[in-house]
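Biologist: I'm new to this one, so could you walk me through it? I'd like to hear the reasoning behind the labels as well.

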Amino acid sequence: MKHRKWWHSLLLYTVVIVWSFIVLFPFYWLLTTSLKKPLAVARGPRYIPFVDFNPTTEHWQYLFDEQGETTLRHFRNSVIAASGSTVFSVLIGSMAGYGLSRFRYRWKFPPWRNNDIAFWIISQRFLPPALFVVPFLMIYSALGLVDTHAGLIIAYTMFNVPFAVWIMRDFFDNLPTDLEDSARVDGATRWQAFVRIVLPLSAPGLVSVAIFSFVFSWNEFLYALMLTNFDAITLPVFIAGQNNTRGVQWWYISALTLTAVAPVVLIGLLLERFITSGLIAGAVKG
Amino acid sequence: MQQSNAQPAYIEKTGNGTREDRVMKQVFLTPAVAVLLLLSIFPLFWSLGISFTDVQRGSAAATTTTDDGTVVEDSGFLGLGFHATLRNYARMPEDERLLTAARNTLFYVLAGVTIQYIIGFGLALVLHQPFRGRNIIRVIFLMPMMMTPVAVAYTGRMMFDTSIAPLAQLLRTISHTLGLERPLFIPWLTDGSVAPWTIVLIDSWQWIPFMTLILLAGMQAIPEDIYEAARVDGASSWQILRKITFPILLPISATVILIRGLEIFKIIDVIVVTTGGGPGSATESLTMYIFKTALTFGNYGYAAAISYILLILVIIFATIFLAAMRYLTPRTSG
Amino acid sequence: MRKVTVILLLVAMLVATGIVPATAQGDRPFEGQTVVVVTQTGRAIGGPVEDHAPEWEEMTGARVELQQFAFGELFEKIITDFETGAGDYDMLIFPADWAGDFMAPGYLAEVPQEILDEIDIDDVIPLYSQRITAWGDTIYALPYDGDAHMLYYRKDLINNEEYSAEFEAEYGYPLGEPETWSQYLDMAAWFNGREVETAGEMAPIYGVLEAQRRNAQSYWVFLSHAAGYGKIPGNPCFFFSCDDMTPQVNNPGWVRALEEYVQVGQYGPPEMINYDVADTRIHFPAGESVFNIDWGDVGPISYNPDASVVVGDVGFAPLPGGDEYWDYEAGEWVEGPNRAPFIAFGGWIIGVAANSDVRDAAFDFAAFMASPEMVQLLAVTPDTGINPSRFSQFENLDLWLDAGFDREGAEDYLDAILNTINHPNAVLDLRITGSAEYLQTLDVEISRAVAGEISAQEALDNVAEQWDAITDRLGRDSQLEQYRSAVGWSPE
């Protein structure tokens with residue numbers, strides 16, 4: 001495969017460039033729109049700052065200065081909900097993943113073994129969230145969890161745990177047991193071996209799981225819409241709330257949208273290899 | 001799903017049966033199981049129960065009129081003490097809005113996975129060769145996937161606007177250049193027959209890269225010597241694709257289609273932002289209808305009943321694919 | 001030791017800067033309290049709170065936090081908050097027709113008499129001060145906004161004699177303020193696509209701009225059409241029959257109205273199906289159409305040179321009527337004309353949550369926002385969403401002239417509103433428990449008809465069926481009782 005036919009290369013680079021354009025252009029458009037004055041948006045498409053429109057930072061100022069408190073409140077809520085559920089998902093997920101990888105379970109009722117249990121766990125991930133709209137609404141209001149950070153963290157943990165278990169189990173399956181064995185011989189308890197030896201060795205897997213949990217919780221919409229009113233509203237709900245009446249204020253929406261996606265897209269850029277490996281573990285080996 | 005072929009090294013085999021291990025074994029798994037039992041299984045059955053009642057907003061003081069006309073005072077805790085009824089399920093066949101939402105949801109799933117799989121596979125095929133900038137392209141591919149769908153939807157709405165978007169201008173320019181009598185005008189989000197497609201397009205923009213990345217990983221796992229052997233036998237590129245690459249990738253394909261399909265069943269955010277379910281009821285999904293029924297109408301019983309319809313659709317879809325995967329796996333994994 | 005000192009210092013700084021503001025003054029009654037205000041997104045309605053809250057914060061020492069939701073989600077958010085007892089919101093600015101869902105279950109606090117005195121309640125037109133803010137005999141909200149649909153038209157075009165002659169040759173009557181919906185449609189059809197002069201430029205113009213977006217505020221525009229054909233003079237029961245709560249929504253009058261609401265789609269821009277009033281309020285003042293139906297907001301906007309190219313060219317009129325109407329009791333069409341202006345929405349009103357822990361502060365802020373001076377200022381300011389609701393606003397023409405209206409325009413505008421709200425045949429919005437649900441059902445079905453999915457008759461039959469189901473679910477007798485009292489109907 002050293003020598004490619006010339007039209008192979010042509011096709012390859014055409015596809016790469018066209019698809020990159022399709023992916024990147026909307027981001028460019030968001031950025032430029034956030035810098036346009038309203039008239040530059042309304043008077044048909046303007047493409048290049050300084051060439052066919054004069055950029056302004058007034059929308060960003062509005063977002064972070066005049067409206068700064070509101071913007072930051074929602075941003076903070078997103079950070080709390082996403083990090084909280086990430087911590088729990090990683091903890092619970094790695095424990096269960098380790099258990100399923102290292103021990104042999106034989107449940108009596110239902111009569112399941114490791115693979116059945118793992119399958120049951122991952123299958124929970126695919127239940128439509130709409131199924132829980134009514135029960136969550138009722139349970140949450142009975143427990144006073146509506147519009148609290150704890151409420152969101154609990155709900156997101158439930159959605160993240162299955163995937164976390166699945167990835168971590170796969171990771172531990174491929175992790176040799178020698179080191180923990182020798183630690184055990186040296187007198188470490190099972191828990192010490194897990195915390196001091198196994199977890200540090202599993203950093204790549206843990207990072208994968210953490211990213212997935214964080215991104216899922218950061219982006220989630222239905223539960224945030226249903227379970228928050230004021231104190232805990234996250235960014236997606238805040239953005240969706242700009243609909244209709246502000247639907248025409250594209251400059252403002254663009255700045256807000258960029259603000260909301262920047263953290264996760266940055267995570268994507270910096271930690272790309274963990275994400276790809278996690279995705280592949282999830283899909284290919286699943 | 002496919003079971004992993006490598007047998008895990010159970011420690012238990014060696015350090016079997018110590019008391020500590022017997023305890024720790026449960027300690028490790030219990031939190032996850034407890035979370036799922038409490039937050040998934042329990043609500044699931046509760047919801048099933050509610051779907052057979054007519055619990056509604058303000059339930060504490062609700063009354064139910066039974067079929068013979070007597071009024072029953074209900075004072076159930078969270079719907080538990082309510083009157084059992086089949087009314088919710090009986091109402092379904094006549095609820096046009098429900099049928100439309102179900103049809104729309106199925107359309108999103110089928111059209112979505114088809115488009116995303118075909119384009120994703122094609123892209124993976126093209127990218128499955130060494131070239132400069134390959135790592136960068138992987139990063140670029142990840143960007144849409146990381147975005148919250150709400151943001152993707154706004155971006156889509158801006159792209160598909162019929163007056164201020166570059167796409168609209170492009171269409172105008174094309175029709176102008178071609179000298180068309182009626183300028184090309186696509187009512188992306190305002191026409192009931194176009195809008196569902198536009199929503200699928202917006203979802204696809206976000207998720208085609210997912211398909212590509214996974215399928216690409218699958219292709220890279222195929223040993224090079226299989227290809228070499230085929231080439232020695234004089235197979236054309238098309239034959240290699242049809243006889244080797246595609247069949248080997250079938251199990252992975254089924255998995256990604258299953259994952260995407262199940263995800264699309266949940267669609268609501270993109271629709272809320274782009275069309276709000278309209279025009280007419282052309283784009284409303286089941287999840288959105290459930291949300292409206294529960295939160296706007298406060299009709300919890302009916303919302304729970306519809307969510308079970310959604311669950312049944314999801315189970316049918318998943319069963320078909322799991323069966324397909326089981327059927328496809330043995331032939332290729334040996 | 002050093003650590004302790006640092007910590008102490010930090011604490012001292014925190015206390016000094018944030019937690020205990022050094023400026024505590026005795027005459028600022030609500031020092032340190034936070035009032036959470038919830039309303040819809042955007043400049044309209046929410047904007048004034050954003051703009052004027054700082055003045056009140058300065059006076060009282062309290063803080064206002066504004067929480068906004070898209071109109072399509074506002075009801076869910078508030079009702080979930082009440083239902084689940086989350087108790088996040090202190091003050092609500094909401095459409096008057098949700099009264100049945102908010103006031104009836106006791107979620108709102110009764111307005112104290114001194115607050116009513118403070119805002120000079122006697123200056124408020126009784127329709128707004130008593131009917132829409134009360135449930136039963138108790139007043140649960142402060143009047144803030146006066147709302148009625150009206151007709152806007154380009155008087156430079158409609159009063160143009162050349163056009164009028166040409167139009168008369170075709171239709172047999174001259175152009176003028178349309179009295180009936182048929183005339184409205186004739187004129188819209190005649191103008192649609194015609195090259196006319198707008199702001200010095202010749203350009204094709206659309207016939208109408210009417211909001212038609214689903215999950216927004218469009219269904220009120222349809223109801224405005226329906227009122228002329230479905231309202232029986234002397235019978236206040238419009239949505240339902242007051243005998244047994246039979247929905248009237250699919251009677252021939254309503255069906256004709258929906259057919260026409262669908263028909264106007266041809267006389268507007270292709271995107272109109274996705275326009276909410278927020279959009280038509282941008283496009284009509286930009287000179288894009290001859291007619292527009294909206295609340296009073298377009299008046300001030302049309303006089304705002306930053307947003308309008310048709311300053312002084314806009315005429316104001318009450319809504320057209322039906323040239324006939326359907327008498328559902330007799331089961332026959334009756335010759336009109338039947339003008340039945342629709343008091344759509346009834347206006348945004350301000351309530352205070354019963355479970356608010358800063359109730360006094362919330363009422364004080366509510367009174368601040370609903371004070372005569374504030375409301376007068378807001379009504380003449382473009383884009384606030386606040387329309388006149390007080391006698392003083394109709395009597396004091398200077399308010400309007402100072403805001404840029406010309407005398408003729410101001411008189412015309414105020415007349416149109418007064419003629420609407422004082423009209424003996426005016427229709428009040430649906431104000432019973434579940435009204436949000438009734439109206440959303442209507443919204444979906446008319447949106448399907450507008451999109452061409454189903455016929456007008458089918459759409460409204462569906463609505464009627466669902467309305468019956470809702471009524472049965474909520475209890476037919478109690479609903480009937482509520483509806484009767486809402487429209488002021490009693491047997492005999």
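Modeller: Happy to; keep in mind that this is a predicted model.

Biologist: Then let's begin with a backbone angle: what phi does A:Gly144 take just after α6(A)?

Modeller: A:Gly144 has a positive phi, about 70°.

Biologist: And what makes helix α6 of chain A "mostly covered"?

Modeller: Buried means under 20% relative accessible area. Of the 11 residues in α6(A), which spans 133-143, eight are buried. Among them are A:Phe136, A:Leu137 and A:Met138.

Biologist: Now to chains B and C. Why is the pair C:Glu76 and B:Lys292 called a salt bridge?

Modeller: The rule asks for a side-chain nitrogen of Lys or Arg within 4 Å of a carboxyl oxygen of Asp or Glu. In this pair the closest N and O atoms are 3.2 Å apart, so C:Glu76 and B:Lys292 qualify. The rule finds three salt bridges across this interface.

Biologist: Which helices of chain B supply at least two residues each to the side that touches chain C?

Modeller: Those are α3 (96-127), α10 (269-274) and α11 (286-296). The largest share comes from α11(B), with five residues. By type, that side of chain B divides into 11 nonpolar, 15 polar and six charged residues.

Biologist: How much area do the two chains bury between them?

Modeller: About 2500 Å², with 44% of it on carbon and sulfur atoms. In chain B, the residues that lose the most area to chain C are B:Thr190, B:Gly280 and B:Phe297, together 20% of what that side buries.

Notes
Residues are numbered from 1 along each chain as its sequence is written. Chains are lettered from A and ligands numbered from 1 in the order in which they are written. This is a predicted model: local features need pLDDT of at least 70, side-chain atom pairs count only at pLDDT 80 or more; totals for chains, interfaces and linings use all residues. Side-chain values use heavy atoms; hydrogens and water are left out. Buried area is the accessible area (1.4 Å probe) that two parts lose on being put together, summed over both. Helices (H or I, at least four residues) and strands (E, at least two) are DSSP runs, numbered from the N terminus. Ala, Val, Leu, Ile, Met, Phe, Trp, Tyr, Cys and Pro count as nonpolar, Asp, Glu, Lys and Arg as charged, and the others, Gly among them, as polar. Buried means under 20% relative accessible area, exposed over 50%, partly exposed in between (1.4 Å probe, protein chains only).
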